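Here's a quick briefing on the fold below, mostly about how its helices pack. Have a look at the structure, then read on.

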Amino acid sequence: MKKVKTIGCQEALKHLLAYLDQEVGADRRHEMEHHLKVCRACFSRAEFERSLKIRLREVGRGTTRTSFEKRIKALFGQFDNEHEADNT
(Lines give C-alpha, C1' and ligand atoms only; values in the text may rest on other atoms or scores of the structure.)
Protein backbone atom coordinates (compact mmCIF):
# COMPACT_ATOMS: atom_id res chain seq x y z
CA MET A 1 0.00 0.00 0.00
CA LYS A 2 1.30 3.44 -0.97
CA LYS A 3 2.06 5.87 1.87
CA VAL A 4 -0.26 8.89 1.96
CA LYS A 5 1.49 12.28 1.82
CA THR A 6 0.66 14.42 4.84
CA ILE A 7 -0.65 17.86 3.94
CA GLY A 8 -1.25 20.91 6.11
CA CYS A 9 -4.37 23.00 6.58
CA GLN A 10 -3.45 25.55 3.94
CA GLU A 11 -2.99 22.85 1.31
CA ALA A 12 -6.18 21.06 2.38
CA LEU A 13 -8.28 24.23 2.22
CA LYS A 14 -6.80 25.06 -1.18
CA HIS A 15 -8.19 21.81 -2.59
CA LEU A 16 -11.30 21.45 -0.42
CA LEU A 17 -13.94 22.49 -2.94
CA ALA A 18 -12.44 20.37 -5.72
CA TYR A 19 -12.35 17.44 -3.29
CA LEU A 20 -16.00 17.92 -2.33
CA ASP A 21 -16.91 18.12 -6.03
CA GLN A 22 -14.94 14.91 -6.63
CA GLU A 23 -12.65 16.72 -9.06
CA VAL A 24 -9.33 15.50 -7.63
CA GLY A 25 -7.26 12.48 -8.48
CA ALA A 26 -6.85 9.42 -6.28
CA ASP A 27 -3.63 10.64 -4.60
CA ARG A 28 -5.11 14.03 -3.69
CA ARG A 29 -8.33 12.36 -2.50
CA HIS A 30 -6.31 10.12 -0.14
CA GLU A 31 -4.32 13.13 1.13
CA MET A 32 -7.53 15.04 1.79
CA GLU A 33 -9.23 12.10 3.50
CA HIS A 34 -6.22 11.58 5.74
CA HIS A 35 -6.02 15.28 6.65
CA LEU A 36 -9.74 15.49 7.40
CA LYS A 37 -9.41 12.49 9.72
CA VAL A 38 -6.70 14.15 11.80
CA CYS A 39 -7.67 17.85 11.65
CA ARG A 40 -10.87 18.77 13.44
CA ALA A 41 -10.90 22.36 12.11
CA CYS A 42 -10.64 21.32 8.47
CA PHE A 43 -13.13 18.50 9.00
CA SER A 44 -15.59 21.06 10.39
CA ARG A 45 -14.96 23.34 7.41
CA ALA A 46 -15.52 20.45 5.01
CA GLU A 47 -18.81 19.55 6.71
CA PHE A 48 -19.88 23.20 6.61
CA GLU A 49 -19.02 23.47 2.91
CA ARG A 50 -20.80 20.19 2.16
CA SER A 51 -23.93 21.35 3.99
CA LEU A 52 -23.76 24.74 2.34
CA LYS A 53 -23.55 23.21 -1.12
CA ILE A 54 -26.63 21.11 -0.40
CA ARG A 55 -28.54 24.11 0.97
CA LEU A 56 -27.56 26.32 -1.96
CA ARG A 57 -28.67 23.64 -4.39
CA GLU A 58 -32.05 23.55 -2.63
CA VAL A 59 -32.28 27.34 -2.54
CA GLY A 60 -31.27 27.53 -6.20
CA ARG A 61 -34.62 26.08 -7.03
CA GLY A 62 -36.29 29.16 -5.56
CA THR A 63 -35.39 32.71 -4.70
CA THR A 64 -33.03 33.73 -1.92
CA ARG A 65 -33.62 36.46 0.58
CA THR A 66 -31.02 39.05 1.46
CA SER A 67 -31.14 37.89 5.08
CA PHE A 68 -30.07 34.39 4.02
CA GLU A 69 -27.11 35.79 2.11
CA LYS A 70 -26.07 37.87 5.14
CA ARG A 71 -26.25 34.80 7.41
CA ILE A 72 -24.05 32.80 5.02
CA LYS A 73 -21.45 35.58 4.88
CA ALA A 74 -21.48 35.84 8.69
CA LEU A 75 -20.94 32.08 9.00
CA PHE A 76 -17.97 32.24 6.63
CA GLY A 77 -16.46 35.06 8.68
CA GLN A 78 -17.06 33.19 11.93
CA PHE A 79 -15.45 30.01 10.63
CA ASP A 80 -12.42 31.87 9.25
CA ASN A 81 -11.88 33.56 12.63
CA GLU A 82 -12.17 30.23 14.49
CA HIS A 83 -9.82 28.48 12.08
CA GLU A 84 -7.20 31.22 12.43
CA ALA A 85 -7.44 30.98 16.23
CA ASP A 86 -6.96 27.19 16.08
CA ASN A 87 -3.80 27.59 14.00
CA THR A 88 -2.07 30.10 16.27
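## The chain at a glance

Of the chain's 88 residues, 26% count as buried. Keep in mind that this is a predicted model. Helix 1 gets most of the attention here, along with its contacts to helix 2 and helix 3.

**Overall make-up**

- The chain has four helices and zero strands, so read from the N terminus the elements simply go α-α-α-α.
- If you take the contacts between residues at least 6 apart in sequence, 66% of them join residues at least 24 apart.
- The accessible surface of the chain adds up to about 6700 Å², and 51% of that belongs to carbon and sulfur atoms.

**Helix 1 against helix 2**

- Helix 1 covers residues 9–20 and helix 2 covers residues 26–38; their axes come within 10 Å and cross at roughly 120°.
- Helix 1 and helix 2 are therefore oblique to each other, and their crossing is left-handed.
- On the helix 1 side, the residues that meet helix 2 are Cys9, Glu11, Ala12, His15, Leu16 and Tyr19. Helix 2 answers with Arg28, Arg29, Met32, Glu33, His35 and Leu36.
- Sorted by type, the residues of this contact between helix 1 and helix 2 come out as six nonpolar, two polar and four charged.

**Helix 1 against helix 3**

- Helix 3 spans residues 40–59, and helix 1 packs with helix 3 at an angle of about 25°, their axes 11 Å apart.
- Since angles under 35 degrees count as roughly parallel, that makes helix 1 roughly parallel to helix 3.
- The crossing of helix 1 with helix 3 is right-handed.
- Helix 1 makes this contact through Cys9, Ala12, Leu13, Leu16, Leu17, Tyr19 and Leu20. From helix 3 come Cys42, Arg45, Ala46, Glu49, Arg50 and Lys53.
- The residues in the contact of helix 1 with helix 3 split into nine nonpolar, no polar and four charged.

**A closer look at leucine 17**

- Leucine 17 sits in helix 1 and is among the helix 1 residues in the contact with helix 3.
- With 45% relative accessibility, leucine 17 counts as partly exposed.
- Leucine 17 and glutamate 49 are 32 residues apart in sequence, yet 7.8 Å apart in space, going from C-alpha to C-alpha.
- Glutamate 49 is one of the helix 3 residues in the contact with helix 1.

Methods:
Residues are numbered from 1 along each chain as its sequence is written. This is a predicted model: local features need pLDDT of at least 70, side-chain atom pairs count only at pLDDT 80 or more; totals for chains, interfaces and linings use all residues. Side-chain values use heavy atoms; hydrogens and water are left out. Axes are lines fitted to C-alpha atoms, for helices over the stretch in contact, and angles run from 0 to 180 degrees between N-to-C directions. Helices (H or I, at least four residues) and strands (E, at least two) are DSSP runs, numbered from the N terminus. Angles under 35 degrees count as roughly parallel, over 145 as roughly antiparallel, 65 to 115 as roughly perpendicular and the rest as oblique. A crossing is left-handed if the near helix is turned anticlockwise from the far one by less than a right angle, and right-handed if clockwise. Contact means heavy atoms within 4.5 Å. Ala, Val, Leu, Ile, Met, Phe, Trp, Tyr, Cys and Pro count as nonpolar, Asp, Glu, Lys and Arg as charged, and the others, Gly among them, as polar. Buried means under 20% relative accessible area, exposed over 50%, partly exposed in between (1.4 Å probe, protein chains only). Accessible areas come from the Shrake-Rupley method with a 1.4 Å probe; for residues, only the protein chains shown count as cover.
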